Amino acid sequence: MRVLDLLSPFYRRDVINITDFSRSDIEYLFQLADRIIENPQMYHGKLVGRILGYAFFEPSTRTRLSFEAAMKRLGGHSIGFAEPSGTSIEKGESLKDTLKMLDAYSDVIVVRHPADGTAKYAAKICENPVINGGDGKFQHPTQTFIDLYTIYKEFGKIDDLTIGVLGDLKYARTTNSFLMGLTNFKPRKLYLISPELLRPREFILDYLSNFKIKFELIDNLSEVIPELDVLYVVRIQKERFPDVSEYNKVKGAYQINPKVLSEAKESLKILHPLPKLDEVSPEVDNTKYALYYRQAQYGVFVRMALLLSILLEDAPL
Ligand code: CP
């Protein structure tokens, strides 16, 4: 890891697209998150008087609550809404005016929305930094920071690992964002594992190719599971299918369970952005393979690091 500058590369920056961030930006966050985990007391009170505004137009457990927890642990406050009902959107207020109000009342804004490009639009109309809390099908950059951090914490590196990404690679923004984020590193090989209907879009594959990332599209996990260091699993995103009959064709297409894992390396780690449904059997939760609950815990520390780096020019390293 390079020697870090004292000035934050995130200071007052919008966090919209994972492709806007370099390896050294990501490593800066890793280092700050490490410091926070080592010495949490040192960071209490660093954001006293600061306000995080959040506008969630889609359900969330982890993203919203971990941002709130992060802000609270730093001494700041959060305001916002977890769903549009109860706001003046119900009276017909526009997205623009709603976001402008959060901009007026907060120092940094997190937006989640079902439509691709909403966070970019928010950043255009807001003066304060906007963080994409997941929009549309392709971007969830703060989840990707957490995913990469989890791998780095477990393996001490991201380079040279063989990584399988399993599931709905067409509609899941977490995996699309993760794949693009991985291009900052040099994984040995990626296996993109999904039913044919759920294969990644061409532009994602082109993006990987442009960065000379070695990948293979397959539909059967058992062919490659003995090779994997990391298996990143994502649920089928039923809510994003334009046609429910298409969803019915792939429903239940894969499940990780002890039998599937019997062929895996002892050191395999399973990541999942959560929520998980039936694609991971609950029997896996208490095994050495499951890293997803720790991944979610890291979410608070990575988001603390991000908020500090956006709001303080010389984030305390
Ligand atoms: N990983 C994630 O984005 O979870 P939530 O939808 O619960 O925020």
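How far apart do the C-alpha centres of domain 1 and domain 2 lie? In this predicted model, the distance between the two centres is 25 Å. The domain assignment of the protein chain places residues 18-137 together with 299-311 in domain 1, and residues 141-296 in domain 2. Where the two domains are in contact, 29 residues come from domain 1 and 29 residues from domain 2.

The next point to consider is the position of the ligand. Both domain 1 and domain 2 give residues to the shell around the ligand, and the ligand therefore lies between them. The space that the ligand takes is the largest pocket.

The shell itself may now be examined residue by residue. The ligand is surrounded by Ser60, Thr61, Arg62, Thr63, Arg112, His140, Gln143, Pro273 and Leu274. By character, the residues of this shell divide into five polar, two charged and two nonpolar.

Particular atoms of the shell can also be followed to the ligand. In the side chain of arginine 62, an N or O atom is 2.9 Å from an oxygen atom of the ligand. The side chain of threonine 63 likewise has an N or O atom 2.7 Å from a ligand oxygen atom. Histidine 140 places a polar side-chain atom 2.9 Å from an oxygen atom of the ligand. As for the surface of the ligand, it exposes 250 Å² when taken alone, and the protein buries 92% of that area.

Definitions and conventions:
Residues numbered from 1 in each chain as written. Predicted model: local features only at pLDDT ≥ 70, side-chain atom pairs only at ≥ 80, totals over all residues. Heavy atoms only, no water. Near = heavy atom within 4 Å. Polar contact = N/O pair within 3.5 Å; in protein donor to acceptor, adjacent residues only side chain to side chain. Areas by Shrake-Rupley, 256 points an atom, 1.4 Å probe, with all protein chains shown as cover. 1 Å grid on protein atoms, 1.4 Å probe; cavity = no way out; pocket = protein on both sides within 12 Å on 5 of 7 lines; lining within 4 Å. Sits in = over half its atoms within 2 Å of the grid points. Nonpolar A, V, L, I, M, F, W, Y, C, P; charged D, E, K, R; others polar. Domains from an automatic or database assignment. Contact = heavy atoms within 4.5 Å.
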